[in-house]
Amino acid sequence: MGIASSAHPRGRLLLGAGPSNMEERVLRALTNPVVGNCDPALLPVMAELQRLLRLVMGTRGATFPLAGTGSAAVEAALLNLIEPGDRVAVGVAGFFGERVREMAALCGARVVVLPAAWGQCIEPEQVAAAFRRYPDIRAVAVVQGETSTGVLQPLSDISQLVRAHDALLIVDAVSTSGAHPVDMDAHAIDVCCAGSQKALSAPAGLAPVACSPRALARMRGRKLPVPSVYFNLQVLADYWGTPDFCHHTPPVSLYYALREALRAAAEEGLPQRFARHRRTHLALVAGLEAMGLTMQVAAPADRLWSVNTVRIPEGVDDRKVRHHVLAEFGIEISGGLGELAGQVWRVGVMGTNAWLANALRVLAALEEALRAQGVRCGSGLAAAQSVFDTEQLVAEGNALLTA
Ligand SMILES: *Cc1c(COP(=O)(O)O)cnc(C)c1O
């Protein structure tokens with residue numbers, strides 16, 4: 001095996017469920033000079049990161065990245081808000097909801113599961129019914145973008161119910177932050193967890209988390225201490241407010257890169273960025289359907305823009321197709337998770353990858369791979385192009401109307 005084959009694979013287009021590719025400017029930021037914990041040069045970097053994260057999460061609350069991947073943010077949220085014996089309702093509509101349930105149980109919660117089939121949302125009526133049955137529910141946790149199924153969970157109605165019962169709302173927005181509006185304050189979310197390597201196109205290793213004043217007050221009022229030194233969010237909020245004590249070695253290179261990715265999002269404009277994700281998603285879905293494939297999520301309004309789940313046709317070898325797409329086209333797509341393993345492919349068009357050209361590339365690659373398997377399928381390219389163009393015209397028309 002030569003050096004080339006053993007070391008760095010070149011030019012992967014990452015269209016799976018994450019990570020996504022990084023822009024040049026983000027990659028370059030990783031090479032900025034490293035500074036130490038107590039260097040005053042670190043302060044403006046931390047301040048800008050927090051300001052930009054507030055923008056992306058839609059909040060005026062305390063926002064900072066944890067050193068860890070998205071899962072760390074979710075686990076920290078639960079560790080800090082749940083005390084043993086607390087009643088906590090968890091929406092479980094896929095792999096990541098199930099993980100939240102597991103984490104909440106490990107925190108000692110009496111978990112009330114709000115179940116949904118894999119491919120559907122949690123209905124507000126389920127939340128209402130849970131509150132009727134258990135008026136002592138202290139927190140509700142839901143996943144906004146259930147990456148295992150491709151479902152976008154609407155938050156407005158659930159948020160109103162949670163507020164009306166004076167409970168806390170915890171949201172896993174790891175796969176939606178940067179692709180969909182998260183609108184933390186508008187949805188009265190108490191702890192919101194984001195991810196860096198998905199629709200924000202930053203490196204993995206930082207997990208932005210945001211806490212409402214209510215969440216911080218709940219943490220201060222705990223009867224028992226948070227069972228974690230490293231993930232104590234109150235201490236971390238203090239540290240990010242005034243980093244005049246040593247908490248942990250700041251992963252400075254990752255700060256630089258995340259800051260650059262957030263700057264890119266702010267420069268593009270968040271509404272424009274969300275619209276770009278939506279257009280690319282619609283084009284990709286049109287292409288997949290024109291090929292004769294079926295989306296896992298039946299209702300178009302319930303589909304996540306960042307991760308698209310498509311059914312694997314009967315008799316097709318999942319692994320062979322993914323291998324073909326990777327080996328021949330340098331494109332990564334993901335297989336299914338949990339219940340949907342072997343049944344769906346997950347195609348991510350997120351962050352810097354959410355462009356028509358990438359949707360067309362993955363459609364062409366899938367067509368080739370399916371034909372290599374002896375499947376007769378149509379071409380999706382024209383349909384994808386046409387939907388993208390139409391959406392673009394509509395967007396330009398709307399821009400003119402509102403100008
Ligand atoms: C990816 C993902 C996670 C886990 O994030 P990691 O960065 O892989 O730890 C959690 N929740 C959702 C919805 C995700 O898509």
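User: How do you know that the whole structure has zero disulfides?

Analyst: In this predicted model, a search of the whole structure finds zero disulfides. A disulfide requires two cysteine sulfur atoms within 2.5 Å. The sulfur of Cys38 has its closest cysteine sulfur in Cys246, at 6.9 Å, and that is too far for a bond. For Cys246, the closest cysteine sulfur is in turn that of Cys38, so the 6.9 Å separation excludes a bond here too.

User: Why is Cys38 called exposed?

Analyst: The term applies over 50% relative accessible area. Cys38 has 78% relative accessibility and therefore counts as exposed.

User: What makes Cys246 count as exposed?

Analyst: The cut-off is again over 50%. With 63% relative accessibility, Cys246 counts as exposed.

User: Which residues surround the ligand?

Analyst: The surrounding residues include Thr69, Phe96, Thr147, Asp172 and Lys198. By class, the shell comprises three nonpolar, seven polar and two charged residues.

User: Why is the pair formed by the ligand and the side chain of Thr147 called a polar contact?

Analyst: A polar contact is a pair of N or O atoms within 3.5 Å. An oxygen atom of the ligand lies 2.3 Å from an N or O atom in the side chain of Thr147, so this pair meets the definition. A ligand oxygen is likewise 2.6 Å from a side-chain N or O atom of Thr69, and the side chain of Lys198 has such an atom 2.6 Å from an oxygen of the ligand. Of the 380 Å² of accessible area that the ligand has on its own, the protein covers 88%.

Key
Residues numbered from 1 in each chain as written. Predicted model: local features only at pLDDT ≥ 70, side-chain atom pairs only at ≥ 80, totals over all residues. Heavy atoms only, no water. Near = heavy atom within 4 Å. Polar contact = N/O pair within 3.5 Å; in protein donor to acceptor, adjacent residues only side chain to side chain. Areas by Shrake-Rupley, 256 points an atom, 1.4 Å probe, with all protein chains shown as cover. Nonpolar A, V, L, I, M, F, W, Y, C, P; charged D, E, K, R; others polar. Buried < 20%, exposed > 50% of the residue type's maximum accessible area, 1.4 Å probe, protein only.
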